[in-house]
Amino acid sequence: MRWIGIVLVCAALAFAGCGSSSEQSAQETASPTPTTTTTATATATATGDEADLDRLPEVPAATTSTRPPESADRTGGDAFLTEVFDEAQAMWSDEFEAAGVHYAPARITLFRDEVHTACGTQSASVGPFYCPADAGVYLDRRFFDALSQRVGVRLGDFAQAYVVAHEVAHHVQMLLGIMQRVAAADQQDPAGENARSVRLELQADCFAGVWAHSRYVRGQVREEDFADALRAAAVVGSDFQQHLATGTIRPEDWTHGSSRQRQHWLTTGFEQGKPAACDTFGA
């Protein structure tokens with residue numbers, strides 16, 4: 001089946017004048033702005049091909065891993081975050097290879113307080129983020145503890161795994177040219193930037209759900225694991241974070257989607273287990 005979820009990106013953005021003349025090529029580099037859990041400006045340094053998308057399988061196959069990543073005390077840690085990152089990358093790499101599409105790996109950096117990237121110097125306050133200019137996933141070591149304390153909900157292993165998989169999903173979007181198309185549309189229609197950012201982030205949530213599905217078919221996801229991820233999706237929702245910070249809710253200012261939307265698309269990817277289910281732009 002054709003992977004219509006991505007092929008329809010330009011059609012969904014037609015009102016903004018999205019077209020091939022505006023899209024970036026593999027040699028062109030968009031402004032290096034990180035895609036984070038709190039801010040989302042789509043940029044990229046590589047592009048995808050619709051013919052490539054047609055060849056991607058519907059359901060990611062399990063990797064050769066036989067043991068689910070899990071920290072000793074179920075509260076994460078550097079080794080755990082790195083293992084999840086490697087495991088998620090292995091899944092996407094296998095699927096790209098099976099489809100005859102090149103997968104250029106991302107890299108992960110764990111930091112404290114601030115980090116220097118190709119997208120500029122970023123403080124821990126931005127939360128986990130992906131920088132397309134250097135294909136880097138950046139995670140502050142204390143983010144999960146700080147978030148748990150702030151919202152009063154302890155986030156366990158699988159909640160953290162969901163966040164890592166979400167950032168890896170941004171790398172997949174960059175490799176497939178989705179970010180480039182969104183960036184081109186943003187240039188032509190700045191007023192619609194937030195709305196497109198929400199759809200981009202929800203698609204990354206759905207892709208994270210597809211990864212979770214690949215672990216489910218290996219018997220490595222329990223009911224309480226996925227419930228943990230759903231709690232994380234709720235507390236990083238734009239409405240939840242906005243109300244926590246300001247006491248008000250203004251949907252027009254959202255960049256990542258509401259708690260309910262994020263939970264919905266994470267669940268969609270998990271239940272369907274195929275990227276074609278992640279058509280947030282056409283929904």
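Begin by selecting W92, F96, F158, Y162 and W211, which touch the most other members of the largest nonpolar core, a set of 61 residues. Here a nonpolar core means buried Ala, Val, Leu, Ile, Met, Phe, Trp, Tyr and Cys residues joined through side-chain atoms within 4.5 Å, where buried stands for under 20% relative accessible area, exposed for over 50% and partly exposed for what lies in between, with a 1.4 Å probe and protein chains only. The model is a predicted one, in which local features need pLDDT of at least 70 and side-chain atom pairs count only at pLDDT 80 or more, while totals for chains, interfaces and linings use all residues. Residues are numbered from 1 along each chain as its sequence is written, and side-chain values use heavy atoms, with hydrogens and water left out.

Next, colour the elements that give two or more residues to this core: helix 4 (78-98), strand 6 (136-140), helix 5, helix 6 (157-175), helix 7 (178-188), helix 8 (193-216), helix 9 and helix 11. Helices (H or I, at least four residues) and strands (E, at least two) are DSSP runs numbered from the N terminus. Helix 6 supplies the largest share of the core, 12 residues.

Now centre on Y162 and display its surroundings. Leaving aside residues up to four places away in sequence, Y162 touches D205, A208, A229, A232, A233, V236, R262 and L266, a contact being heavy atoms within 4.5 Å.

Apart from the largest core lies another one, of seven residues, and F111, V126, C131 and Y138 are among them. Select F111 and Y138 again together with F129, since ring pairs link F111, F129 and Y138 into a cluster. Rings of Phe, Tyr and Trp (its six-membered ring) pair if their centres lie within 6.5 Å, and planes under 30 degrees apart count as stacked, over 60 as edge-to-face and the rest as tilted.

A search of the whole structure finds eight aromatic pairs. One to display is F143 with F144, whose ring centres are 5.2 Å apart and whose planes stand at 75°, so the pair is edge-to-face. F143 is buried at a relative accessible area of 14%, and F144 is buried as well, at 4%.

Turn then to the cysteines, where the whole structure yields two disulfides, each being a pair of cysteine sulfur atoms within 2.5 Å. C119 and C131 form a disulfide with their sulfur atoms 2.0 Å apart, and with 95° about the S-S bond this link is right-handed. C119 lies in the loop between strand 3 (114-117) and strand 4 (120-123) and C131 in strand 5 (residues 129-131), so the pair ties together parts that are 12 residues apart in sequence. Both C119 and C131 are buried.

Move on to C206 and C278, whose sulfur atoms are 2.1 Å apart in a disulfide that is left-handed, with -75° about the S-S bond. C206 belongs to helix 8 and C278 to the segment after helix 11, so this pair ties together parts that are 72 residues apart in sequence.

Finish at helix 10 (residues 238-246), where the buried residues are S238, D239, Q241 and Q242. Viewed down the axis of helix 10, these residues fall within an arc of 165°, so they line one face of the helix; the arc is that of the directions from the helix axis to the C-beta atoms. What covers them includes helix 5 (143-151), helix 9 (223-235) and helix 11 (259-272). Just after helix 10, select G247, which takes a positive phi of about 80°.
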